[in-house]
Amino acid sequence: MSGLCEWQRRFLSVCLICLLCFAVYACGQKQDPMEKIKDLEYTVIAEDNIPEELLEKIEERKENAFKLTFEDQGFLYICVGYGAQQTGGYSIAVNDLYETANAVYIDTNLIGPSPEEKSKPVESYPYVVVKTEFSQKPVVFE
């Protein structure tokens, strides 16, 4: 810096300080804990493929809306039930299943029956069971 005049040294010093501040700020930024890291692959499980212990838990809860998780043989099962309905013909859509830094998020919704099904008064207990890779993160039901 000996060949630089005073204002050039000050300008260079200010630039170096700004660069250092930017580097410290950038390193200090944390990832948003609710930001999606990745979508999770999953399979919707038919009733005859649900582990027996989980099926028993579902049977105990099916009268009312429920949300539960179950771990078996390295897989995570996520269950969402919508309680007793006055007719059959309901289906459940899995809108999203993804992982964040702190949790696994699942979003489902109940899809009503067709007009023909509504006219048949048969009580039903719609629920969905999703099988995905095991995670120790808590599951958040949206």
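**Salt bridges, sheets and cores in the predicted model**

A search of the whole structure, which is a predicted model, identifies 8 salt bridges. One of these joins the side chains of K36 and D39, with an N to O distance of 3.0 Å. K36 is partly exposed, its relative accessible area being 37%. A further salt bridge connects K38 with E99 at 3.9 Å, N to O. This pair brings together distant parts of the chain, since K38 lies in strand β1 and E99 in strand β5, 61 residues apart. The two partners fall into separate accessibility classes: K38 is partly exposed, with a relative accessible area of 35%, whereas E99 counts as buried at 13% relative accessibility. K38 and E99 also belong to a network of salt bridges that includes E133 and K137.

The strands to which K38 and E99 belong are part of an open sheet of 4 strands, arranged in the order β1-β5-β6-β8 with mixed pairing. Strands β1 (38-39) and β8 (139-141) occupy the edges, and each has a single partner strand, so one side of each is left without a neighbour in the sheet. Within this sheet, β5 and β6 run antiparallel and are joined by 8 bridges. Y98 is found opposite Y105 of β6.

Another open sheet, also of 4 strands, follows the order β2-β7-β4-β3 and has antiparallel pairing. Its edge strands are β2 (42-44) and β3 (65-72), each of which pairs on one side only. Direction ignored, neighbouring strands of this sheet are turned by 20° against each other on average. Strand β4 is connected to β7 (residues 127-133) through 7 bridges, and the two run antiparallel; L76 has T132 in β7 as its bridge partner. Helix α2 (residues 52-61) packs on the sheet, where it touches β3, β4 and β7, and the direction of the helix makes about 170° with that of β3.

The largest nonpolar core consists of 12 residues, namely L40, L76, I78, V80, I92, V94, L97, V104, I106, V128, V130 and V139. At least two residues of this core are supplied by each of β4, β5, β6 (104-111) and β7. For V94, leaving out residues up to four places away in sequence, the residues touched are Y42, V44, D107, T108, V128 and V130. A second core, separate from the largest one, has 11 residues, among them I50, L54, L55 and I58.

G88 is situated in the loop between β4 (75-82) and β5 (91-99). With a relative accessible area of 15%, G88 lies below the 20% limit and is therefore buried. Neighbours within four places in sequence aside, the contacts of G88 are P113, E117, K120, V122 and S124. For V122, which is 34 residues away along the chain, the C-alpha atom is separated from that of G88 by 5.8 Å. Two other contacts of G88, E117 and K120, meet each other through their side chains in a salt bridge of 3.9 Å, N to O. Both of these charged partners are partly exposed, as K120 has a relative accessible area of 45% and E117 one of 27%.

Notes: Residues numbered from 1 in each chain as written. Predicted model: local features only at pLDDT ≥ 70, side-chain atom pairs only at ≥ 80, totals over all residues. Heavy atoms only, no water. Buried < 20%, exposed > 50% of the residue type's maximum accessible area, 1.4 Å probe, protein only. Contact = heavy atoms within 4.5 Å. Pairing = 2+ DSSP bridges. Axes fitted to C-alpha atoms, helices over the stretch in contact; angles between N-to-C directions. Core = buried A, V, L, I, M, F, W, Y, C linked by side-chain atoms within 4.5 Å. Salt bridge = Lys/Arg side-chain N within 4 Å of Asp/Glu carboxyl O.
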